[in-house]
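Biologist: I am new to this protein and would love a close look at a single part of it. Could you pick one spot, walk me through it, and then show me how it sits in the rest?

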Amino acid sequence: MQKPLSYTSKVFELAELDLGKGKEVIVKGGRHLFPLLPKAFAGIKQIGVIGWGSQGPAQAQNLRESLAGTDIRVKVGLRPASSSAKEAAAAGFTEENGTLGEMFQVIKESDLVLLLISDAAQAELFGRVFEALRPGTTLGLSHGFLLGHMKNVGAKFPANINVVGVCPKGMGPSVRRLYVQGKEVNGAGINASFAVEQDVDGRATDIALGWSVALGSPYTFQTTLESEFKSDIYGERGILLGAVHGVIESLYRRFLSQGMSREDAFLNSSESITGPISHTISKQGILAVYEGLDAAGKKTFEQAYAASYPAAREVMQEIYDEVSSGNEIRGVVLAGERLKKRPMGKIDGTEAWKVGATVRAKRDPAKTPVHPFTAGVYVATMMAQIDVLLDHGHPYSEVANESVIECVDSLNPYMHARGVSYMIDNCSTTARLGARKWAPRFDYTITQQGYVELDDGKAADPKLFPAFKSSVIHGVLAACAKLRPTVDIFVE
């Protein structure tokens with residue numbers, strides 16, 4: 001593991017989180033801390049929220065409501081003639097009331113600039129953004145993608161600004177939905193990580209923490225922008241989006257080949273994963289999925305796990321290498337030009353996802369099973385992602401958030417309500433591209449290697465399952481469970 005990061009705050013009380021194998025310093029959020037925000041944002045008169053994609057609407061509205069009654073203005077910046085202007089106006093950000101403007105003008109006049117435009121747009125426009133920033137201001141990022149791109153092209157942040165990151169562990173709609181729920185239950189929200197990339201005046205840490213608290217984050221963990229973009233882009237291509245899509249496709253076909261009806265095949269694959277398996281992991285941890293099975297189910301789980309883990313680990317390691325080398329970021333940038341000519345199509349048209357709409361329409365939660373084979377394959381894939389991150393020294397809290405908590409507490413509830421493909425196609429362009437690229441790899445590799453070796457009776461590595469049961473992640477999740485938002489996310 002990497003050495004623990006450390007920081008101090010002049011505004012917020014710090015707490016120590018014991019993760020079993022190490023300790024991390026966190027900040028506990030809550031609405032009772034909102035009165036401290038003017039102190040955290042000392043010297044800031046305007047926060048510019050640039051972009052209205054996934055994170056923009058949530059962050060702009062959350063910040064505005066958290067800062068109500070202060071003299072700090074939240075202003076949205078959009079490109080001229082943006083199609084999002086009507087949506088922003090519907091949320092109360094208008095030119096007439098001084099809270100909506102042209103993006104570069106908003107950047108020039110803001111003291112804290114939250115750059116929430118798409119990753120491809122950041123790669124294209126970061127030079128102009130840097131030129132518009134005034135010396136001494138703070139640039140805020142909710143993703144480390146820009147840092148990764150700048151490393152690829154040899155660019156640097158301006159030396160006269162603060163650069164911080166606050167990265168919610170969920171998509172924008174989740175950030176907003178749980179913030180709204182938090183009005184009734186203090187502490188409800190989406191956890192976030194924060195990073196200080198550049199601090200020119202000693203204010204960067206408190207600005208970042210204030211930003212996270214204002215978004216409604218119940219708990220804020222520390223990371224670095226480099227660690228964040230590696231784990232985040234990797235995770236999107238892995239268990240959060242790409243892997244779950246590919247795993248379900250593989251399981252659906254396997255169950256069909258074994259004689260299940262189309263509805264039962266979907267019920268025992270997708271519904272099982274996004275429903276009771278995810279719910280069990282969220283409330284009780286990964287091991288609880290296995291421990292809740294009967295003797296026959298445990299045996300099936302073990303066989304599926306041991307067969308699937310090596311195949312999933314092979315793909316996970318390749319993804320991490322591609323992200324770390326900058327290749328995945330280059331791919332997203334290159335795709336930007338292609339997408340201007342031909343937008344991405346949908347990925348919900350194949351049989352499995354069409355059947356899913358029928359199954360969801362007549363769903364009976366009491367009859368949705370934890371299928372032991374499905375559970376073994378899914379957990380093996382999740383553990384493969386976790387083990388790669390641990391091997392590369394990511395903080396325990398980051399591993400847990402990017403591989404488990406964001407998955408079962410933010411994304412999977414939406415998948416359960418509206419479909420896996422729907423969820424993917426309502427994420428960022430970077431995430432959508434990654435899911436399309438890597439989901440087929442998980443499907444193919446697990447089907448061609450994992451299932452084949454299992455069906456051929458090839459002996460599995462006897463060390464795999466004991467390693468799963470003794471993994472450090474179980475203790476980490478138990479500690480993080482104490483920080484879990486007090487309510488489940490509500491998806492209409």
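**A loop residue and its surroundings**

Modeller: Let's start with alanine 81, which lies in the loop between β4 (73–78) and α3 (85–90). Please keep in mind that this is a predicted model. The backbone is what makes this spot worth a look: alanine 81 has a positive phi of about 60°, although it is not a glycine. As background, most residues other than glycine have a negative phi. Is alanine 81 buried or exposed? Alanine 81 has a relative accessible area of 82%, and because exposed means over 50%, it counts as exposed.

Now let's step back to the whole chain. Of the 492 residues of the protein, 60% count as buried; alanine 81, being exposed, is not among them. The protein holds 21 helices and 10 strands, and β4 and α3, on either side of our loop, belong to these elements. Along the principal axes, the C-alpha atoms fill a box of roughly 65 × 50 × 45 Å. The radius of gyration is 22 Å, which agrees with the value near 23 Å for a compact globule, because that is what the rule gives for 492 residues. Contacts tell us about the fold as well: among those with a separation of 6 or more, 83% join residues 24 or more positions apart. On the outside, the accessible surface comes to about 19400 Å², and carbon and sulfur atoms make up 51% of it.

Next, the empty spaces. Rolling a probe the size of a water molecule over the atoms shows where empty space is left. The second largest pocket holds about 370 Å³ of space. Of the 20 residues that line this pocket, Thr274, Gly275, His279, Pro413 and His416 are the closest to its centre. Two elements, α11 (262–284) and α17 (396–418), give two or more residues to the lining, and α11 gives the most, with seven. By class, the lining of this pocket has eight nonpolar, eight polar and four charged residues.

There are closed spaces too: a search of the whole structure finds three cavities of 30 Å³ or more. The second largest cavity has a volume of about 70 Å³. Its lining is made of 13 residues, and Gly30, Arg31, Phe34, Ala188 and Gly216 lie nearest the centre. Sorted by class, the lining of this cavity has five nonpolar, seven polar and one charged residue.

To return to where we began, alanine 81 is an exposed residue with a positive phi.

Technical notes: Residues numbered from 1 in each chain as written. Predicted model: local features only at pLDDT ≥ 70, side-chain atom pairs only at ≥ 80, totals over all residues. Heavy atoms only, no water. 1 Å grid on protein atoms, 1.4 Å probe; cavity = no way out; pocket = protein on both sides within 12 Å on 5 of 7 lines; lining within 4 Å. Points joined across faces, edges and corners; volume = space filled by probe spheres on them. Nonpolar A, V, L, I, M, F, W, Y, C, P; charged D, E, K, R; others polar. Helix = DSSP H or I, 4+ residues; strand = E, 2+ residues; numbered from the N terminus. Rg over C-alpha atoms; globule rule 2.2 N^0.38 Å. Buried < 20%, exposed > 50% of the residue type's maximum accessible area, 1.4 Å probe, protein only. Contact = heavy atoms within 4.5 Å. Areas by Shrake-Rupley, 256 points an atom, 1.4 Å probe, with all protein chains shown as cover.
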